[in-house]
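Ready for a short walk through a structure? Open your viewer and keep the selection tool at hand; each stop tells you what to pick next.

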Amino acid sequence: MSVRVQAEDFDMAHELAGFGGSSAGAIVTFTGIVRDTKAADLQAMEIEHYPAMTQSALEAIEADARRRWSLDDCLIVHRFGRLRPAERIMMVATASAHRADAFAAAEFLMDYLKSRAPFWKKEITRDGEVWVESKAADETALERW
Amino acid sequence: MIDVVYFAWVRERVGLPKEQVETSATTVAGLIEELRAREERYQLAFSDMSAIRVALDQTLVDVDAPLAGAREVAFFPPMTGG
């Protein structure tokens, strides 16, 4: 079980080596990537966070997931700083005896990361800089849990 | 005195990431009113309260939360993690 907030990139294979131990029958992973949404003019994405709060907020979300599902392992890695298109932003991984818990917990983690973890994304394009706005759907996504 | 920190476009509108504020407000909402009365940049930052989120000592709270005992209040837009 771990949560990491870092500027550096991460390596999926390295993160998943030994993940879940010998009891997990299912591992689900999700990776978020910097996506150029507007006709290839995205130069970079700047991710700001609240250093004093980020780690504890992510740990609280992870602990909530572990209370709700039977997980053998759980990992959240989230980057901050300036990222270029196609770079990895973050990942979650969940391990459980069966796939239903692993899938559900991974979706739960993502839904909460979207609107309850103190990160803010700014898109830097040729035309200027724009803060990414939260979507109403991100908030309503929490209601199903 | 309370430490006030700002993030994302709230930080940009206020024009600084952190400051110490002398306040007699008893709630977060009261503190926001004091700030808005100070200068136009605060009015700009807090013009749409539906777009403001608040954390007291790194825990999310509503704007009507009491300030009593809090060391740090943070103001920021809705989060966009993931």
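## Stop 1: Chain B as a whole

Begin by selecting chain B, where you can count three helices and five strands. Remember as you look that this is a predicted model. Colour chain B by secondary structure and follow the chain along its sequence: the pattern reads β-α-β-α-α-β-β-β. Its radius of gyration is 12 Å, close to the 12 Å that the globule rule gives for 82 residues, so chain B is as compact as a globular protein of that length.

Now rotate the view. Along the principal axes, the C-alpha atoms of chain B fill a box of roughly 30 × 30 × 20 Å. How many of the 82 residues of chain B count as buried? The share is 46%. Contacts can also be sorted by how far they reach along the sequence: among those in chain B between residues at least 6 apart, 50% join residues at least 24 apart.

## Stop 2: A strand on the inside

Move to chain A and select β4, residues 73-79. Is β4(A) enclosed or open? Seven of its seven residues are buried, so the rest of the structure largely encloses this strand. Show the side chains and look at both faces. Asp73(A), Leu75(A), Val77(A) and Arg79(A) point one way, while Cys74(A), Ile76(A) and His78(A) point the other way, and all are buried.

Next, add the partners of β4(A). Strands of a sheet pair through backbone hydrogen bonds, in a parallel or an antiparallel manner. Here you can find both kinds. Strand β1(A), residues 2-6, pairs with β4(A) in the parallel sense over five bridges; look for Val3(A) opposite Ile76(A). Strand β6(A), residues 88-96, is joined to β4(A) by six bridges and runs antiparallel to it. There, Asp73(A) stands opposite Ala95(A).

## Stop 3: An open sheet of four strands

Stay in chain A and select β5, β3, β7 and β8, which form an open sheet in that order with antiparallel pairing. Its edge strands are β5(A), residues 81-83, and β8(A), residues 128-131, each pairing on one side only. Tilt the view to see the turn from strand to strand: neighbours are rotated by 25 degrees against each other on average, direction ignored.

Zoom in on β7(A), residues 119-125, which four bridges join to β8(A) in an antiparallel arrangement. Pick Glu123(A) here, and you will find Val130(A) of β8(A) opposite.

## Stop 4: Aromatic rings

Finally, show Phe, Tyr and Trp side chains throughout. The structure holds 11 aromatic pairs over all chains. One to select is Trp69(A) with Trp145(A): the pair is edge-to-face, with 5.5 Å from centre to centre and 85 degrees between the planes. Why does this pair tie together parts that are 76 residues apart in sequence? The reason is where each ring sits: Trp69(A) lies in the loop between α2(A) and β4(A), and Trp145(A) lies in the segment after α4(A). Trp69(A) is buried, at 15% relative accessible area, whereas Trp145(A) counts as partly exposed, at 26%.

Then select Tyr50(A), Trp120(A), Phe7(B) and Phe76(B), which form one aromatic cluster. For a last look, pick Arg88(A) and Phe10(A): the charged end of Arg88(A) sits over the ring of Phe10(A), 5.7 Å from the ring centre.

Notes: Residues are numbered from 1 along each chain as its sequence is written. Chains are lettered from A and ligands numbered from 1 in the order in which they are written. This is a predicted model: local features need pLDDT of at least 70, side-chain atom pairs count only at pLDDT 80 or more; totals for chains, interfaces and linings use all residues. Side-chain values use heavy atoms; hydrogens and water are left out. Rings of Phe, Tyr and Trp (its six-membered ring) pair if their centres lie within 6.5 Å; planes under 30 degrees apart count as stacked, over 60 as edge-to-face and the rest as tilted. Helices (H or I, at least four residues) and strands (E, at least two) are DSSP runs, numbered from the N terminus. Buried means under 20% relative accessible area, exposed over 50%, partly exposed in between (1.4 Å probe, protein chains only). A charge sits over a ring if NZ of Lys or CZ of Arg is within 6 Å of the ring centre and within 35 degrees of the ring normal. Two strands pair if DSSP finds at least two bridges between them. Axes are lines fitted to C-alpha atoms, for helices over the stretch in contact, and angles run from 0 to 180 degrees between N-to-C directions. The radius of gyration is taken over C-alpha atoms; the globule rule is 2.2 Å times the number of residues to the power 0.38. Contact means heavy atoms within 4.5 Å.
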